[in-house]
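Trainee: I have a model open and would like to understand the words people use for it. Could we go through them together?

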Amino acid sequence: QEPQSARRTKTPAEIILETPGIPDELKKKLLPIISALTSGGRIMASLIARGPLLGITGSAGKENIQGEEVQTLDRIGQDTFCQLLGETQKVRELLSEEEPLPTLFPQADPDGLLIAMDPLDGSSNISVNASIGSIFAIFSPPPSSDRGEIFGGDKRKLIAGAYILYSASTSFVIAVDQKTYLFTMDPSFGGEFLGTGEPLHFPSGGKIYSTNESYFPLWEKGIQDYITWVKSGRKPVMTSRYIGALVGDLHRNLLKGGIYLYPAEGAPGKNHGKLRLLYEAYPMALICQFAGGIATDGDRSILSIKPGSDLHARVPLIAGPMDLVSEFHTKTGHPL
Ligand code: P6P
């Protein structure tokens, strides 16, 4: 019997319905969208769990717009979430890492929302049964006068960020109306996602840093000095944990307190790191911020970056609790 304090009894829909800061008009759009995300999460969790038996853990034999090898499950994730979100009639445009341009849903509510997604992030982990995730940024559309801009132009407003983590259990985390909530899929309860309804908050004093240190030679000196310091000069020193999937690394750091770093590589301005602004950094930044943390590009808050016309623009990403990210910025000479 789980201890009473850990009882998970609320669904994402119940949390959204009882959140005073979300206008009813927006709730009517968010509820079917969240239902589509959790339904897609159930489907993907089942396919990922049976992947080796179904022969779907390998490569799809082609590259996506990013020049990355597409895994079969990447395509299945793309098709699954695209269909489920389209069926809500509450999504006007869906931007995906897997497609160069947004998918348009002309039948949708003209005031429908815009969603940017990475349908399956960290897919190189699939074939070795390591954590992977799906990441979503949800935007309110521009005013009707600006409808012509692709994906809402710079008038779209980020209103929620969410991810699904496929791991030892399947988690659904959503940041909306200044709070970040965690739900866990209960396979014995029809795959419903249940949570306590208590908002998540980064623990302070964490001692974990997550980065791929093989890029150390490419980083600017300030970042090299910081990474050297956290392992030797800092009191207490930090320990390294890196799953190679943003959702898995950020989730552990959100629960235990840790900083995730994907710094820019090469000379400043030369390479903007690897992660995508619209469907990786933005949603993770909202999730961090509403859990008492912050995400930056090494200089400024991710949420202060106005995306340009490149919908697949990359940014460096430093994400975690305020104490560790502030410490990073102070040590690298860009105090917050
Ligand atoms: P690297 C996965 O491809 C991803 O986009 C993130 O999920 C992950 O944190 C990062 O890239 C891993 O990149 O260069 O360490 O393999």
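Mentor: Gladly; we will take the helix pairs, then the ligand, then two spots in the backbone. Keep in mind that this is a predicted model.

Trainee: Why are helix 4 and helix 7 called oblique to each other?

Mentor: Start with the angle: the axes of helix 4 (residues 221-231) and helix 7 (residues 322-331) cross at roughly 125°. Roughly perpendicular covers 65 to 115 degrees and roughly antiparallel needs over 145, so an angle that fits none of the named ranges counts as oblique. Helix 4 and helix 7 are therefore oblique. The crossing of helix 4 past helix 7 is right-handed.

Trainee: Which residues of helix 4 and helix 7 meet?

Mentor: From helix 4 there are Ile223, Tyr226 and Trp229, and from helix 7 Glu327, Phe328 and Lys331. Sorted by class, that contact has 4 nonpolar, no polar and 2 charged residues.

Trainee: What makes helix 5 and helix 6 roughly parallel?

Mentor: Helix 5 (residues 246-256) and helix 6 (residues 277-289) pack at about 10°, their axes 12 Å apart. The cut-off for roughly parallel is under 35 degrees, and helix 5 and helix 6 are therefore given that name. Leu246, Val247, Leu250 and Leu254 of helix 5 touch Glu280, Met284, Ile287 and Cys288 of helix 6. By class, this contact of helix 5 with helix 6 has 7 nonpolar, no polar and 1 charged residues.

Trainee: On to the ligand. Which residues come nearest to the ligand?

Mentor: There are 13 residues around the ligand, and Asp121, Tyr215, Tyr242, Tyr260 and Tyr262 come nearest.

Trainee: How do you know that Asp121 makes a polar contact with the ligand?

Mentor: A polar side-chain atom of Asp121 is 2.5 Å from a ligand oxygen atom, and the limit for a pair of N or O atoms is 3.5 Å. Tyr262 passes the test too, with a polar side-chain atom 2.6 Å from an oxygen atom of the ligand. For Leu246 it is a polar backbone atom, 2.7 Å from an oxygen atom of the ligand.

Trainee: What makes the bond between Lys235 and Pro236 worth a look?

Mentor: Most peptide bonds are trans. The one joining Lys235 and Pro236 is cis, with omega about -5°. Pro236 sits in the loop between helix 4 and strand 12 (239-240).

Trainee: And what is the phi of Gln89?

Mentor: Phi of Gln89 is near 65°, a positive value in a residue other than glycine. Most such residues have a negative phi. Gln89 belongs to the loop between helix 3 (72-87) and strand 3 (91-96).

How values were computed. Residues numbered from 1 in each chain as written. Predicted model: local features only at pLDDT ≥ 70, side-chain atom pairs only at ≥ 80, totals over all residues. Heavy atoms only, no water. Axes fitted to C-alpha atoms, helices over the stretch in contact; angles between N-to-C directions. Helix = DSSP H or I, 4+ residues; strand = E, 2+ residues; numbered from the N terminus. Left-handed = near helix turned anticlockwise from the far one by under 90°. Contact = heavy atoms within 4.5 Å. Nonpolar A, V, L, I, M, F, W, Y, C, P; charged D, E, K, R; others polar. Near = heavy atom within 4 Å. Polar contact = N/O pair within 3.5 Å; in protein donor to acceptor, adjacent residues only side chain to side chain.
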